[in-house]
Amino acid sequence: MGHTFKIVNELPTTEMLSLCRFLTEFSKGDIWLESACNLLSSNIVSTEAHLLVVELEKFFSEFNRVPDFISACIDDSEIISGSSQLFLESRARLLANVPHYVANVERENPSHFTVGSHFVKNILSAFERVSNTSQNTYQLLGLIVSHLCLAGYSKYVSDFIVEQEQHYSADIWSKLLIHTNTKSMEICLASLAKECPTPQKYYALLSRFLEMSSPTFDSYMRLCRRLFYIRQFKSGNTVRNIFNSFFMAVSKCETLEKSTCLATRVDEDLGLPALRVWSDINSIQTASLERRIYLSQILISWIIDFRDPVRANLSINLSNDHLLPDVLNGISNHLGSPRIEIRTLGMVIGEWIVKIFDWSPGDENQKLKFDYEELNFLSHIRPYFVPLDEAVDAESGDHNSFPIQTPSSVESPKISLNSLECKIKNENCETAKQALHKLDSDDDPDSDNDSLTPLPSISSSNCYNKTPFYLRECLDGMLLSKVEDNPVNIACTMSAEKLIYAHPEAAQELALEFARVLVHIEPPVTPDPEQIARARHNALVAIGVVAPKKCARYLTSEFCQSGYSIGQRMNIISSLTDIACKLYGGKDALLSQRFSSNHQIANNDAVTANNDHKGKTRRFCKKRPPSSYIINKFAPFAGEFFFPLLKSIPQLSLSSAKGPFAHQDASLLASLLASLGTIYACSSPSSVQARMADELINLIPLFHRHPEPAVRRALHIVVGTVITTTPLEILSSKPELIFRKSIFLSGSKKSSVESTISSWL
């Protein structure tokens, strides 16, 4: 065949073109298609490739050889009985990948294969003309559908199947879909669940998956769990189709025992996990509002579309009593959320569940009833409260279109859920049109009616109204990451410092959680980022003041970890420094501390002299009160701050000397040295101050000749801090701290002159 096309390309006579046409029309379908694809994947000239693409188009459209291809594959698979599965898999993959072979040689010229819907229709419409109805036939057709979905045509496949199921029997599709590949099951069946207009049609297509004796039942259950708890569908009938199809499968079981077994399995694998995830506090705190709405739709559909019909129509005893703890816990967790949308969601669904399970007492005044505002997102929840047969009844009553039918019938009208959503969209469109018509002809709608919502300001009343009252509420609010939750996040961030100081005992219990949030969680998006950054820093300092030991161990361990950004590590250094100053007594006490030890003796002599002349001296001014004594609360924790930070010095010393990011590590090292000096100054009178001074002096040989000026300047600050703030008791007991001789201070290695630190300074 390749030789024929090569000759035709060199000598394109009428006889040779007729020969190509004869080969395309009458040769064996699977062999011709395989040879054509092999030629396209080889290095052939463009004119020969174009001729081959034209013959491929005739193969699929004019001659419609797809049924011949399928029949030939079935005949060959029956001959190769041992490896028929692999053979059919390769043939299905070959047919589905024809557009990719064509696209490799025809990148610019459009062809029959560039329109995906047309290509899929040509292949799937040939299934009706296949005469052989053996098991291998349905297996091959199922594999073809699988590989079409894997090739990116799942939307066209599902549309074609749903459309054809309205005109022909669904039996052929049900028999071939059971043979879909496990890898493509989600792609194929998920789009079918979304696109099927009624659960009856969905059940007719997938009835063989819902039999517990089927080998694909467990795979289908895993697929449903994946669609519910990993995927998310904002539109379509996926959830309602799945639960309604399970109800139909339960109702059509042969015995009551099989019905009970299937209903219990659906309850345990799909329904109860939905309730537990809906009531879980971690999911409420971290999931987005769209995700919580989707989980609520799953929970409601499980009760309305499966559990209630099974209990009412099939007399299967599914108790509701064991659901009560999870329901009450979920309502409580929703009400404890700082987000008004989550609280409203818990109120609406809590009222509905208690009512439908008949857990309310007989007295009307004692029934569960919440007072809430009807928010916009509830329009996605309330249609699920209505069973599908009642929704269809209301639909037909409004439009007088078609008669009402029960859910058990195979043919029924389209679900009214889509129509309700369409009504909501139409109302929104009408509102937008009315707003646009109010403008004059000369007005610019883009300038006066900006669709972008401005970011909430810190001083806005919306943020002020969302101020938290409890630490846990404040912490949960700072975890919110959606743009619509910015007012809550801003209010919680600005109130964190005040709440921490107001409730120190409770803040000690939540110290690590607050520290994690303030170090790792991104701040809310506002037009005032400086104020937010300052508020977060002050809150972290407040946590360190309230729980210094916990906070110091956590922050120093995080600083020493690799993988954090320069900004995060700088924030940790500044926070530890401010915590030390705050515990010491403030910056004023720190500034006055350096002169107190050096002038203590002079002050005592002055006091003695004043006492000697007390009887002879007449005072005309008020007596100065004695200076207040400040208790250093930082001294017991100085070692927790100082020594863990000191461990990161060697690593920063190496990375700041050379490398593409040496300048960043050098600035970080300079800040760390200055912070160590400040921590040392605040540590007096700690029991480890002498050891801290010795460690700081030992840093001189590492950095006194560092290439970065900022590091050398920071080292001078550290040495000056040690000299000016070290108490006289330590200097008198260990004079070698300042006056020891060091070879490393010499000018070069060749010089043997020894100099002291004092001479170097």
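These exercises work through helix packing, a salt bridge and a surface patch in a predicted model.

Residues are numbered from 1 along each chain as its sequence is written. Local features need pLDDT of at least 70, side-chain atom pairs count only at pLDDT 80 or more, and totals for chains, interfaces and linings use all residues, while side-chain values use heavy atoms, without hydrogens and water.

**Exercise 1.** Work out how helix 4 and helix 7 are oriented to each other.

Solution. Locate them: helix 4 spans residues 46-62 and helix 7 residues 98-105. Helices are DSSP runs (H or I, at least four residues), numbered from the N terminus. Next, take the angle: about 155°, with the axes 10 Å apart. Axes are lines fitted to C-alpha atoms over the stretch in contact, and angles run from 0 to 180 degrees between N-to-C directions. Angles under 35 degrees count as roughly parallel, over 145 as roughly antiparallel, 65 to 115 as roughly perpendicular and the rest as oblique. Helix 4 and helix 7 are therefore roughly antiparallel. Helix 4 brings Ala 49, Val 53, Leu 56 and Phe 60 to the contact, and helix 7 brings Val 98, Val 102 and Val 105. Contact means heavy atoms within 4.5 Å.

**Exercise 2.** Do the same for helix 29 and helix 33.

Solution. Helix 29 covers residues 548-560 and helix 33 residues 638-646. Their axes come within 9 Å and cross at roughly 10°. The two helices are therefore roughly parallel. On the helix 33 side, Glu 640, Phe 641, Pro 644 and Leu 645 make the contact. Their partners in helix 29 include Ala 552 and Phe 559.

**Exercise 3.** Find what the salt bridge of Asp 218 and Arg 265 ties together.

Solution. The whole structure has 19 salt bridges (a side-chain nitrogen of Lys or Arg within 4 Å of a carboxyl oxygen of Asp or Glu). In this one, the N to O distance is 3.0 Å. Asp 218 sits in helix 13 (residues 217-229) and Arg 265 in helix 15 (residues 256-279), so the pair links parts 47 residues apart in sequence.

**Exercise 4.** Which helix holds Phe 22, and which residues make a nonpolar surface patch with Phe 22?

Solution. Phe 22 belongs to helix 2 (residues 14-26). Leu 19 and Phe 26 join Phe 22 in a patch of about 320 Å². Patch residues have over 30% relative accessible area and no salt bridge, with nonpolar side chains (Val, Leu, Ile, Met, Phe, Trp, Tyr) joined within 5 Å and like charges within 9 Å. Areas come from the Shrake-Rupley method with a 1.4 Å probe; for residues, only the protein chains shown count as cover.
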